[in-house]
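I opened the notebook today to record what I looked up in this structure, entry by entry.

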Amino acid sequence: MQKIQMVDLFNQYQQIKNKVDQKMIEVVESSAYINGPEVKSFQAELESYLDVPHVIPCGNGTDALQIALMALDLKPGDEVITADFTFAATVEVIDLLKLKSVLVDVYNDDFTINTEAIEAAITDKTKAIIPVHLFGQCANMDEIMRIAVEHDLYVVEDTAQAIGSTYTFPDGTERKAGTMGHIGTTSFFPSKNLGCYGDGGAIFTSDDDLAHRIRGIVNHGMYERYYHDEVGVNSRLDSLQAAILRIKLPLLDEYNAKRRAAADFYDNAFKGFDNIETPKRREDSHHVFHQYTLKVKNVDRNALQKFLGEKNIPAMIYYPVPLHKQKAYTSDDYSDDQFPVTMELIDQVISLPMHTELSEEQLTYITDSVKEFFK
Ligand SMILES: *Cc1c(COP(=O)(O)O)cnc(C)c1O
């Protein structure tokens, strides 16, 4: 059996190696390394895949979030609500822009932002909500969009972990993750569901004015060459990365189906184990399993991680420390009892290997090993 990886990028590359290698040479020989035709084609292909009028490629998923917030003309001290249980990039950009991050708790079954907690956190200063489509499925977008309309708030969807996921509104309308709010952002970090071989990101919007604004911000605040209308940033997707993404985008649905098949295998294997709670799949969202995250109860979760490690099975804790307890983001306004779910999850969650190349032999070995621990 091949060594089990948390994310197996090597074997995925082997399947597309010929195309990738040839394309890399083509791009290098073209010498159009920045803003070349590969980037423009990728942009158009992603617009078509997502069914969204504007995709603006950028340097990475964190930049995408920062640029999205910059485009909204918020003032220092304006409040932006996001989840306590997520990767720090989301809250980092809020604070970096001198906005006030307001962290709220998540649901205890699907780990996405709790919409009642959002409503409770709204003040006169609240200007935006950043739902994170955590681990591969969409947050409760119907409710989030209802709250946003009622309180006149912007919604920026952090889709770094959920590209290719869909969400179905109660009226039956189906939308791709990242295309429901005012702006959506994503990351093409290698381990994401659509990953390149370096850094990359993108911003999506249906709003022509926001799209224009974002195109200026990513390019030093220039709307006309050498005329800087505002303070912008330099954030670009390079041509080599775009070329890789053009090869992988047509495979994204297949990649996500493979992740779902691995998740099905895990789900079935853990049926009937009272101390193992398999991840909930929201009925309104198609889960693309960026992570497969179990909740384990009445056991020492860290002992399980160590046990698996000794059997050469990597398993990760996403996330071990809530954002409200991080030195950089803590505040006197927060107390642990505002985050009862997150405080429980940090001791219960464990993510198993999840990628497109898991063999049945590997999945069997992983699930047998987890079960052995619970015997
Ligand atoms: C990965 C990730 C990001 C940041 O993406 P980078 O490309 O690494 O900057 C932001 N938000 C979430 C939820 C992520 O998982």
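Before placing any residue I note that helices and strands here are DSSP runs, of at least four and at least two residues respectively, numbered from the N terminus. I also keep in mind throughout that the model is predicted.

**Entry: the ligand shell**

I began with the ligand and listed the residues around it, which are Asn60, Gly61, Thr62, Thr86, Phe87, Ala89, Val132, Asp158, Ala160, Gln161, Ser187 and Lys192. Sorted by character, this shell divides into 4 nonpolar, 6 polar and 2 charged residues. I then checked for polar approaches to the ligand's oxygen atoms, and found a polar side-chain atom of threonine 62 at 2.5 Å from one ligand oxygen. Serine 187 likewise places a polar side-chain atom 2.7 Å from an oxygen atom of the ligand, and for glutamine 161 the distance from a side-chain N or O atom to a ligand oxygen is 2.8 Å. As for the ligand's cover, the protein takes up 91% of the 380 Å² of accessible area that the ligand has on its own.

**Entry: helix H3**

Threonine 62 led me to helix H3, which spans residues 61-70. With 8 of its 10 residues buried, H3 is largely enclosed by the rest of the structure. The buried residues are Gly61, Ala64, Leu65, Gln66, Ile67, Ala68, Leu69 and Met70. At the start of H3, I noted that a side-chain oxygen of asparagine 60 comes within 2.9 Å of the backbone nitrogen of threonine 62.

**Entry: strand S9 and its partners**

Which strands are joined to S9 by bridges? Strand S1 (residues 54-58) runs antiparallel to S9 and is joined to it by 5 bridges, and cysteine 58 has glycine 201 as its bridge partner in S9. Strand S8 (residues 183-187) is also antiparallel to S9, with 4 bridges between them, and here threonine 186 has alanine 202 as its bridge partner. I then turned to the cover of S9 (residues 201-205), where 5 of the 5 residues are buried. In a regular strand the side chains alternate between the two faces of the sheet. I therefore looked at each face of S9 separately, and both are covered, with Gly201, Ile203 and Thr205 buried on one side and Ala202 and Phe204 buried on the other.

**Entry: the sheet with S13**

I next traced an open sheet of 3 strands, whose order is S7-S6-S13 with antiparallel pairing. Strand S7 (174-176) and S13 stand at the edges with a single partner strand each, so one side of each has no neighbour in the sheet. Between strand S6 (residues 166-168) and S13 I found 2 bridges in the antiparallel sense, and threonine 166 stands opposite histidine 286 in S13.

**Entry: the loop between S12 and S13**

Is aspartate 284 buried or exposed? This residue lies in the loop between strand S12 (276-277) and strand S13 (285-286), and its relative accessible area of 17% makes it buried, because the cut-off for that class is under 20%. Its side chain makes polar contacts with the side chain of tyrosine 167 at 3.1 Å and with that of arginine 282 at 2.9 Å. Leaving aside residues up to four places away in sequence, aspartate 284 touches Asn140, Thr166, Tyr167 and Thr168.

Arginine 281 lies in the loop between S12 and S13, but counts as partly exposed at 25% relative accessibility. I recorded a polar contact of 2.8 Å between the side chains of arginine 281 and aspartate 264; with residues up to four places away in sequence left out, arginine 281 touches several others, including Gln137, Arg260 and His287. To relate this loop to the start of H3, I looked up the C-alpha separation of arginine 281 and asparagine 60, which is 28 Å for two residues 221 apart along the chain.

**Entry: backbone geometry**

I closed with the backbone. Phenylalanine 111 has a positive phi of about 70° although it is not a glycine; it lies in the loop between strand S3 (100-104) and helix H5 (115-121) and counts as buried at 4% relative accessibility. Asparagine 298, also not a glycine, has a positive phi of about 60°; it lies in the loop between strand S14 (292-296) and H10 and counts as exposed at 72% relative accessibility. Lastly, I noted a cis peptide bond from tyrosine 318 to tyrosine 319, with omega near 10°, and placed tyrosine 319 in the loop between helix H10 (301-310) and helix H11 (340-348).

Definitions and conventions
Residues are numbered from 1 along each chain as its sequence is written. This is a predicted model: local features need pLDDT of at least 70, side-chain atom pairs count only at pLDDT 80 or more; totals for chains, interfaces and linings use all residues. Side-chain values use heavy atoms; hydrogens and water are left out. Buried means under 20% relative accessible area, exposed over 50%, partly exposed in between (1.4 Å probe, protein chains only). A polar contact is a pair of N or O atoms within 3.5 Å; within protein, one must be able to donate a hydrogen and the other to accept it, and residues adjacent in sequence count only if both atoms are side-chain atoms. Contact means heavy atoms within 4.5 Å. A residue is near a molecule or strand if one of its heavy atoms lies within 4 Å of it. Accessible areas come from the Shrake-Rupley method with a 1.4 Å probe; for residues, only the protein chains shown count as cover. Ala, Val, Leu, Ile, Met, Phe, Trp, Tyr, Cys and Pro count as nonpolar, Asp, Glu, Lys and Arg as charged, and the others, Gly among them, as polar. Two strands pair if DSSP finds at least two bridges between them.
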